[in-house]
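Biologist: Please take me through one part of this model in detail. I am new to it, so keep the sentences short.

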Amino acid sequence: EFRRVLFRSREARFAPTEREDAGPVTLPPVVQPREAPDVFTVTSFSQHLESPILFHLRRQLRLETVDDRAAELDALGFGNLAHDVLEAFGRSALKASPDADAIEGFLVDRLQRARAERFPASVLASVPLQMRQLERRFQEFAAFQARRAREGWSIEAVEWSPGLDVPEGEEIDGRRRGMVRLDMGADEAPVWIKGKIDRIERHTN
């Protein structure tokens, strides 16, 4: 889809043309002018370095592939679902538990609730299979997490962002709320990188 957009937005395709009944006609380009952003997520900054044009299409114009396969779970949805369940665990009272069965029960329950919220009653056969795969992974995670708790590790934070102590709209020591400043060098304006750390652990000793 993006290749087709790039092809159709080539300069040659929008050169002025002559018509017998009118003067020159210039078609509008697909890529509209936009102000250069000064705030990037970690992922979008990488995408901008790789291809500014695709960054413009995806991040600024919000161009995306139309996909009506709502009854199945793609790779991104699979990862996001697992991430959301694990984030809920990291904020729960069980985050310090050494009981693998209790941890697994929490994760599976959250997964089943998330499935009921996100998917219709009728789904492709791949979805129940993917749910079983996630349950198996959560079973392994529960054993790992219980062992970490017994070894003295505790979850201090999940989805942590820098600058949480900075008041909204202010800047302190190169930090804004949820962002850090990245100086680009001489004669270049700085940009701001925003992102989150999935999980932070601390040992009790």
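**How one helix packs**

Modeller: Helices α5 and α6 cross in a right-handed way (the near helix is turned clockwise from the far one by less than a right angle; anticlockwise would be left-handed). This is a predicted model, where local features need pLDDT of at least 70, side-chain atom pairs need 80 or more, and totals for chains, interfaces and linings use all residues. Residues are numbered from 1 along each chain, and side-chain values use heavy atoms, without hydrogens or water.

Helix α5 covers residues 100-118. Its axis lies 8 Å from that of α6, at an angle of about 150°. That makes α5 roughly antiparallel to α6 (over 145 degrees). Residues of α5 that meet α6 include Ile 103, Leu 107 and Leu 111. On the α6 side, Leu 134, Phe 138 and Ala 142 are among them. Contact means heavy atoms within 4.5 Å.

Now turn to α4, residues 75-90. Helix α4 packs on α6, residues 126-150, at about 35°, with the axes 11 Å apart. Here too the crossing is right-handed. Phe 78, Leu 81 and Phe 89 are among the α4 residues that meet α6. Their partners in α6 include Met 131, Phe 138 and Phe 141.

Rings come next. There are two aromatic pairs (centres within 6.5 Å; planes under 30 degrees apart are stacked, over 60 edge-to-face, the rest tilted). Phe 89 and Phe 141 have ring centres 5.8 Å apart and planes at 90°, so this pair is edge-to-face. Phe 89 sits in α4 and Phe 141 in α6, so the pair ties together parts 52 residues apart in sequence. Ring pairs also bring in Phe 106, giving a cluster of Phe 89, Phe 106 and Phe 141.

Definitions and conventions: Axes fitted to C-alpha atoms, helices over the stretch in contact; angles between N-to-C directions. Helix = DSSP H or I, 4+ residues; strand = E, 2+ residues; numbered from the N terminus. Parallel < 35°, antiparallel > 145°, perpendicular 65-115°, else oblique. Phe/Tyr/Trp six-rings, centres within 6.5 Å; stacked < 30°, edge-to-face > 60°.
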